[in-house]
Amino acid sequence: MKFARKTQLDTEIPTASMPDIIFMLLIFFMVTTVLREYSGLPISLPKAKRIEKLKSKRHTSHIWVSKDGLISIEDKLYASDGVRHVMYEKRVADPQLVVSLKADERAKMGLISDIHTELRKADALKLNYSSKTAVD
Amino acid sequence: MAKKRRFKGGEIPTSSMADIAFLLLIFFLVTTTIDMDKGLGMVLPAEGEEIEINKKNILNCLINSTGNILLGGEVVEVRNLSKTVRQKLAENDKLIISVKAHKASNYLDYVKVIDQLKQANATRISIAESN
């Protein structure tokens, strides 16, 4: 014998507001997506294990150093003694500035050392050696 | 006589709206690269902040142009560096490790050394100027 269903509940998920929800998600992703501002130089970053994340993108400024010894800040090339002025202005504008040094793994230490000196002169003391996560 | 209207309702079909929005959403999800900047943190000393340190508390770590490491007068392999440094730190917790790299040495070797020192929980790292 077939049992008759007692309740005739309408169990459908309301789909009318579905586009609105999805649009909201879409707008969220569109707003939070940061397109890369500066292309920098072609480099292959070194790998390290004890790495830490940089807290905020807003307080970070990058210095690219290629293996040929080119220094690029915001897509402009600088000589090693020109870094001081740029970084000093940035440091004055933002006291929480963290400098992310994106140097090629084959860059020479002489140049990196020059950048250290320049950063010290510019009072931009928080430095981060940008590197990839090492996998063992 | 008024002309008979051929189309009654001029509505845009909204049933596929969700699909279109989904497609856009997936596109943005896929193209968004949350590339967090990661790296080894370091705080440089301020200009003119040279302090005299007792020689006993300094451990020199030299890197030559071929990437070999001399730690306190002994040649050490990079992968053994953290172990050695940890031992030395256990003996003297006031130890400051002074890293000095040759001008022509590679940045990679330097980063490897800094990474090893961080793995050994060395907090006092000093960077000597290369020359």
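These legends walk you through three close-up views of a predicted model.

**View 1. The two sides of helix α2 in chain B.** Start with helix α2, which spans residues 81–91 of chain B. Here B:Leu81, B:Ser82 and B:Val85 are buried. Looking down the axis of α2(B), you will find its buried residues within an arc of 85 degrees, so they line one face of the helix. An α-helix has 3.6 residues a turn, so residues three or four places apart point the same way. Turned away from the buried side of α2(B) is a face with the exposed residues B:Gln87, B:Ala90 and B:Glu91. The buried residues pack against β3 (69–71), β4 (74–76), β5 (96–101) and α3 (107–119) of chain B.

**View 2. Helix α2(B) packed with helix α3(B).** The two helices meet at an angle of about 45 degrees, and their axes are 8 Å apart. That angle makes α2(B) oblique to α3(B). Their crossing is right-handed. On the α2(B) side, the contact involves B:Leu81, B:Ser82 and B:Val85, while α3(B) contributes B:Val113, B:Gln116, B:Leu117 and B:Gln119. Sorted by type, the residues of this contact are 4 nonpolar, 3 polar and no charged.

**View 3. The loop between β4 and β5 of chain A, with A:Glu74 and A:Asp75.** This loop links β4 (71–73) with β5 (76–78). A:Glu74 has a phi near 50 degrees, a positive value in a residue other than glycine. A:Asp75, also not a glycine, has a positive phi of about 65 degrees. With 14 other C-beta atoms within 10 Å, A:Glu74 is partly exposed, whereas A:Asp75 has 11 C-beta neighbours inside 10 Å and counts as exposed.

Terms used:
Residues numbered from 1 in each chain as written. Chains lettered and ligands numbered in written order. Predicted model: local features only at pLDDT ≥ 70, side-chain atom pairs only at ≥ 80, totals over all residues. Buried ≥ 20, exposed ≤ 12 C-beta atoms within 10 Å, placed from the backbone. Helix = DSSP H or I, 4+ residues; strand = E, 2+ residues; numbered from the N terminus. Arc of directions from axis to C-beta. Contact = placed C-beta atoms within 7 Å. Axes fitted to C-alpha atoms, helices over the stretch in contact; angles between N-to-C directions. Parallel < 35°, antiparallel > 145°, perpendicular 65-115°, else oblique. Left-handed = near helix turned anticlockwise from the far one by under 90°. Nonpolar A, V, L, I, M, F, W, Y, C, P; charged D, E, K, R; others polar.
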